[in-house]
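Hi! Here's the structure I promised you. Have a look at it first, and then read my notes underneath.

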There are 2 protein chains.
Amino acid sequence: MTGIQIQELTKRFGDNVALQNVSLTFQPGKIYGLLGRNGAGKSTLLGIAANRLFADSGQVLIDGEPACENDRAQKKLYMMSEKNLYPKDMRVRDVFRWSERFYGSFDRQQAQVLAQQFGLNTKKRVKELSTGYTSIFKLIVALCLDVPYLFLDEPVLGLDANHREMFYHLLLKNYADEPRTIIIATHLIEEVANLIEEIAIIDEGRLLMSQSVQSLLDSGYCVSGKAGDVDAYAAGKKVIGEDVLGGLKTAYILGSCDRQALCDSGLELSKLNLQKLFVELTKKEGEQ
Amino acid sequence: MTGIQIQELTKRFGDNVALQNVSLTFQPGKIYGLLGRNGAGKSTLLGIAANRLFADSGQVLIDGEPACENDRAQKKLYMMSEKNLYPKDMRVRDVFRWSERFYGSFDRQQAQVLAQQFGLNTKKRVKELSTGYTSIFKLIVALCLDVPYLFLDEPVLGLDANHREMFYHLLLKNYADEPRTIIIATHLIEEVANLIEEIAIIDEGRLLMSQSVQSLLDSGYCVSGKAGDVDAYAAGKKVIGEDVLGGLKTAYILGSCDRQALCDSGLELSKLNLQKLFVELTKKEGEQ
């Protein structure tokens, strides 16, 4: 197992450059958050690795082997995506049966147990499921497959808060029982902040950063208090963003914190929040 | 303006009871969170008030007038829902034009400004928009209408974190400029916790509670620390839920906090979190 290497990947759709020379490694046995704005190129990257799309240039290696048109490499990965690839008229329980026949490793018994836990009626046809239950159905298929590389693209779309929490617990249990590489692309960043070890941020088709969540959160801090006091403290420091509420302000600052100066100023110190940091790092001109 | 009265509303779909004798008041000029699990009956309730569905029994009054088949009452409200009611082949800018002609109060200039802020291409046809941009398009229409009652059903589905934050800011600005009744049904509870003043929770078609967010959050507290210490402190108290991580535990407790006992125990005290509280209050048998 050497993981997944993304090598100088470029992909255009007409005039639109979806990915531009992206290189990145997903190491074996880690949980990744693949973050990016809508349209940043996340699904394109995962789609190329899963052989659903062809790159214009560059390649993806899975355990050292090309991912493109290579059954042996593709058998090691499963991609759950927003796009529904199951026959719409098929009943959920028949998809489970079919998955067992197609993938030797599919655990149909566990799938039935999870369906019951989530209240998924397996007699329903795929097309009859609501947005939330379509996600639940696809998540169950993904979690019951024993493959070393799992891609989850917007896994919790439409799920209620209880089902999202159940899914996060299940994913961690699944990972603890048998560690594998899990790549989660999601817009609910704060909810997965405690789940993921590493993040890769893609912005407008380019890799913005790839590092551990801990090191990213340790790269800065927040100070809050009266707007004037915060401004005085932050002067000359690398402020990446601010929130204002009435006369109060929170500033998001990169660098290490001067605790003594902070104590003297009477301002409140807090940790960076992953979602907030992401928003500040990927803000476009004209956005507030 | 006397608000919206929901009076003993019952609605069945075949064998499924979507709403059972629900009575509830939405007061004028407040922002409400209408919370519930998937399938709890939120959209059915809003749909009946917006005259898209008929109740089996009970009624909805808007400023004292029946909402059902009543143009004068319906002109006071607008419902943004997951269901797309716009012609799919129409271009976004033509929907804006049409909205201006249909609703005298639609602010087309502001709609164009917001479209630019969100990066929505108004030349695109409705059917060409992604999940996220479909939500953005519908939100812009909703925010630019000057009606006293606004229903937003899953307003941020598919939006990235930046666009969600922009939307929350816009909604608050819109409300500050001209207070009106806004009812938000969403699964992203923690993100709207600071936005909403009042909540109504519907569970399996029945009203579970309707009160101010502040009073709900003040009704209990969390304690965290070593599992044994938390158990000892919580014994005999009304524990509505627990989270365990390794040897550590957080207990969610209803009632007022005995600060002295808590100090002596060395446990950490924190506020209830609205999403967590919701999850615990609406957990079903068999869910973890």
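A rotation of 180° with 0.0 Å of shift along its axis puts chain A onto chain B, with an RMSD of 0.0 Å (least-squares fit on the C-alpha atoms of residues with pLDDT of at least 70 in both). The two copies are thus related as by a two-fold rotation axis. In chain A, A:Leu157 has the C-alpha nearest that axis, 3.7 Å from it.

Some housekeeping: this is a predicted model, where local features need pLDDT of at least 70 and side-chain atom pairs count only at pLDDT 80 or more, while totals for chains, interfaces and linings use all residues. Residues are numbered from 1 along each chain as its sequence is written, chains are lettered from A and ligands numbered from 1 in the order written, and side-chain values use heavy atoms, without hydrogens and water.

Now, where do the copies meet? 100% of the interface residues of chain A are also interface residues in chain B, so the copies meet through the same surface. Each side is in contact (heavy atoms within 4.5 Å) through 31 residues from chain A and 31 residues from chain B.

There are four salt bridges between the chains, meaning a side-chain nitrogen of Lys or Arg within 4 Å of a carboxyl oxygen of Asp or Glu. One of them joins B:Lys276 to A:Glu165, with the closest N and O atoms 3.0 Å apart. Helix α6(A) (a DSSP run of H or I, at least four residues) gives the most to the side of chain A that touches chain B: seven residues.

Enjoy exploring!

Definitions and conventions
Helices (H or I, at least four residues) and strands (E, at least two) are DSSP runs, numbered from the N terminus.
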